[in-house]
Amino acid sequence: VQLVLLPDQHLPLLNVAVVGLGGPLYDAAGQRGACALMSNLLIKDTHKRSSLEVALAIDRAGGHLGEFCGNNTFGISLEVLSSGASVGIELLLDALQHPRFKAETFQIEKQGQLAHIQENEDESLTFGQKILRRHFFGTHPYASDALGEEADLEGLPLDAVSLLHRQLCVGPNLVVAVAGTYTERD
């Protein structure tokens with residue numbers, strides 16, 4: 001794991017981003033969108049907490065736990081009040097190291113991602129960009145955006161997401177950036 005530290009005492013906030021190589025470039029052919037779905041599922045259920053318990057814990061700590069996935073990367077971001085740093089870091093580590101890919105949550109989040117893809121079809125600018133990507137990149141993974149393709153997602157098994165987690169959420173693939181007000185014990 002590569003670590004970037006940037007102390008800043010101006011505000012009582014801690015920001016942590018864990019970023020790894022991922023996105024369509026790392027989705028298997030016929031499984032475009034798997035990395036984006038994995039990123040989303042990381043911040044849901046863990047072996048210690050349900051999705052609801054994760055959401056309540058981060059809210060009580062005065063923070064936000066989010067996910068992202070782009071063409072080349074995926075990750076988790078944490079923003080929390082310094083007073084809630086310990087809880088926030090515990091939630092972040094639990095999400096990365098001990099996600100629980102529950103079938104029920106997988107189906108809910110997959111349907112949400114499919115709805116987002118369908119919504120993008122109605123947006124003229126996004127639809128135009130999608131057509132240009134396909135034209136420009138052809139069969140390269142960049143022809144698909146991070147959300148993937150409907151047909152790929154509809155047939156995506158839960159095991160594919162779990163496999164991506166085992167492949168991508170490993171030390172050599174991750175960079176951790178920490179900024180804000182923190183102490184060595186956090």
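# Close-up views of a predicted model

**View 1. The packing of α4 against α5.** Helices α4 and α5 (residues 124-137) meet at an angle of about 100 degrees, and their axes lie 5 Å apart. The two helices are therefore roughly perpendicular to each other. From α4, the contact uses I117, N120, E121 and D122. From α5, S124, T126, F127 and K130 take part. By type, the contact residues of α4 and α5 are 2 nonpolar, 3 polar and 3 charged. The model shown here, and in every view below, is predicted.

**View 2. The packing of α1 against α7.** Helix α1 packs on helix α7 (residues 158-168) at an angle of about 80 degrees, with 9 Å between their axes. That angle makes α1 roughly perpendicular to α7. On the α1 side, the contact is formed by A34, C35, L37, M38, L41 and L42. On the α7 side, V161, L164, H165 and L168 contribute. The contact of α1 with α7 has 9 nonpolar residues, 1 polar residue and no charged ones.

**View 3. The surroundings of α1.** Helix α1 is largely enclosed by the rest of the structure, because 9 of its 9 residues are buried. Those buried residues are A34, C35, A36, L37, M38, S39, N40, L41 and L42. Among the helices they pack against are α3 (85-97), α4, α6 (150-154) and α7. Strands β3 and β4 (73-81) also pack against the buried residues of α1.

**View 4. The second largest pocket.** This pocket holds about 170 Å³ of space. Its lining consists of A36, N40, E67, F68, C69, E109, G112, Q113, H116, A146 and L147. Three elements each give at least two lining residues: α1 (34-42), β3 (63-69) and α4 (103-122). Helix α4 gives the largest share, with 4 residues. By type, the lining of the second largest pocket has 5 nonpolar, 4 polar and 2 charged residues. Two of the lining residues, A36 and N40, are also among the buried residues of α1.

**View 5. H116 in helix α4.** H116 sits in helix α4 and is one of the residues lining the second largest pocket. H116 is partly exposed, at a relative accessible area of 37%. Along the chain, H116 and G128 are 12 residues apart. In space, 16 Å separates their C-alpha atoms.

**View 6. V54 in helix α2.** V54 belongs to helix α2 (residues 51-60). With a relative accessible area of 5%, V54 is buried, because the cut-off for that class is under 20%. Beyond residues up to four places away in sequence, V54 touches I43, K44, R49, L65 and L91. L65 falls within β3 (63-69), and L91 falls within α3 (85-97). V54 and A28 are 26 residues apart in sequence. Their C-alpha atoms are 29 Å apart in space.

**View 7. N173 in the loop between α7 and β5.** N173 is found in the loop that runs between α7 and β5 (174-180). N173 is buried, with 15% relative accessible area. Leaving aside neighbours within four places in sequence, N173 contacts V19, G20, L21, F74 and L168. Of these, F74 falls within β4 (73-81). L168 belongs to α7 and also takes part in the contact with α1.

**View 8. G171 in the loop between α7 and β5.** G171 lies in the loop between α7 and β5, which also holds N173. G171 counts as partly exposed, at 26% relative accessibility, whereas N173 is buried. G171 and G20 are 151 residues apart in sequence. In space, their C-alpha atoms are 9.2 Å apart. G20 is also one of the residues in contact with N173.

Conventions:
Residues are numbered from 1 along each chain as its sequence is written. This is a predicted model: local features need pLDDT of at least 70, side-chain atom pairs count only at pLDDT 80 or more; totals for chains, interfaces and linings use all residues. Side-chain values use heavy atoms; hydrogens and water are left out. On a 1 Å grid over the protein atoms alone, a cavity is a set of points where a 1.4 Å probe fits but cannot get out, and a pocket is an open set with protein on both sides within 12 Å along at least five of seven lines; lining residues have an atom within 4 Å of a point. Grid points are joined across faces, edges and corners, and a volume is the space filled by probe spheres set on the points. Ala, Val, Leu, Ile, Met, Phe, Trp, Tyr, Cys and Pro count as nonpolar, Asp, Glu, Lys and Arg as charged, and the others, Gly among them, as polar. Axes are lines fitted to C-alpha atoms, for helices over the stretch in contact, and angles run from 0 to 180 degrees between N-to-C directions. Angles under 35 degrees count as roughly parallel, over 145 as roughly antiparallel, 65 to 115 as roughly perpendicular and the rest as oblique. Contact means heavy atoms within 4.5 Å. Buried means under 20% relative accessible area, exposed over 50%, partly exposed in between (1.4 Å probe, protein chains only).
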